[in-house]
Amino acid sequence: MQISSRFTIAVHMLALIQVRTDHLTSEQIADSVNTNPVIIRQISRALKKSGLIDVRRGTGGAYLTREAGDITLYDVYQAVEAVGKGKLFHAHENPNPNCWVGANINQVLDLILSKAQAAMETILKEISIQEITELIAQKKNASSEA
């Protein structure tokens, strides 16, 4: 099972909002993400509900409600519910209980896969939107020097 693309779209959105000084509309963000503005508005609602962004009415425009250095990738991951039912891995549901492997596989894998998910989440907690935008700027600068 893959993490939903809502996660990477949300990170893209927050990085874009961070580097732009103007308040971006969903259409402007959608242009950068190369997707439909409806998708951007859906993700914006989740980010707003989690307190990561706010949106101005009227002329519109999204802005960060916290410093970019205080927003981690884990915050984004949680905000957009990147993993259905809170689990990154989904076990097959009907192993054969009459087989000793089938009867025990899910219990054994659950422990291991829970540890794997926890390790991934720990890494996401260590990286901020600020760091993402700095890495993007480094890439931009490196390609313009070439």
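# Close-up views of a predicted model

**View 1. Helix α6 holds I136.** The helix spans residues 129-145, where a helix is a DSSP run of H or I with at least four residues, a strand is a run of E with at least two, and both are numbered from the N terminus. This is a predicted model, in which local features need pLDDT of at least 70 and side-chain atom pairs count only at pLDDT 80 or more, while totals for chains, interfaces and linings use all residues. Residues are numbered from 1 along each chain as its sequence is written, and side-chain values use heavy atoms, with hydrogens and water left out. I136 has a relative accessible area of 48%, so it is partly exposed; buried means under 20%, exposed means over 50%, and partly exposed lies in between (1.4 Å probe, protein chains only). Look across from I136 to A15: 121 residues separate I136 and A15 in sequence, yet their C-alpha atoms are 8.8 Å apart in space.

**View 2. The whole protein sets the scene for the close-ups, with six helices and two strands.** Reading from the N terminus, the elements follow the order α-α-α-β-β-α-α-α. The radius of gyration is 19 Å, well over the 15 Å from the globule rule for 146 residues, so the protein is more spread out than a compact globule. Here the radius is taken over C-alpha atoms, and the rule is 2.2 Å times the number of residues to the power 0.38. The C-alpha trace spans about 65 × 40 × 25 Å along the principal axes. Of the 146 residues, 31% are buried. The protein exposes about 9,600 Å², and carbon and sulfur atoms supply 53% of that area, as computed by the Shrake-Rupley method with a 1.4 Å probe, where for residues only the protein chains shown count as cover. Among contacts (heavy atoms within 4.5 Å) between residues at least 6 apart in sequence, 65% join residues at least 24 apart.

**View 3. F7, Y74 and Y77 gather into one aromatic cluster.** How many aromatic pairs does the model contain? The count is two, taking rings of Phe, Tyr and Trp (its six-membered ring) with centres within 6.5 Å, and calling planes under 30 degrees apart stacked, over 60 edge-to-face and the rest tilted. F7 and Y77 make an edge-to-face pair, with 6.2 Å from centre to centre and 85° between the planes. This pair links distant parts of the chain, since F7 belongs to helix α1 (residues 5-19) and Y77 to helix α4 (residues 73-79), 70 residues apart. Both F7 and Y77 are buried. Y74 and Y77 make a tilted pair, 5.9 Å from centre to centre with 35° between the planes. Y74 and Y77 share helix α4 and sit three residues apart, about one turn of the helix. Y74 is buried, as is Y77.

**View 4. Two basic side chains lie over tyrosine faces, K125 over Y74 and R56 over Y63.** A charge sits over a ring if NZ of Lys or CZ of Arg is within 6 Å of the ring centre and within 35 degrees of the ring normal. K125 lies 4.6 Å from the ring centre of Y74, the tyrosine that also belongs to the aromatic cluster. For R56 and Y63, the distance to the ring centre is 4.9 Å.

**View 5. Helix α5 carries Q117 and L113.** Is Q117 buried or exposed? Q117 counts as buried because its relative accessibility is 9%. The side chains of Q117 and Y77 are joined by a polar contact of 3.5 Å; the term covers N or O atoms within 3.5 Å, where within protein one must be able to donate a hydrogen and the other to accept it, and residues adjacent in sequence count only if both atoms are side-chain atoms. L113, by contrast, is partly exposed, with a relative accessible area of 26%. L113 and A91 have C-alpha atoms 9.7 Å apart, across 22 residues of sequence.

**View 6. P95 sits in the loop between α4 and α5 (100-125).** Leaving out neighbours within four places in sequence, P95 is in contact with G102, I105 and N106. For P95 and N106, the C-alpha to C-alpha distance is 8.3 Å, with their positions 11 residues apart in sequence.

**View 7. S26 belongs to helix α2 (residues 26-33).** S26 counts as buried because its relative accessibility is 16%. The side chains of S26 and E27 make a polar contact of 3.4 Å. Setting aside residues up to four places away in sequence, S26 touches P37, I40 and R41.
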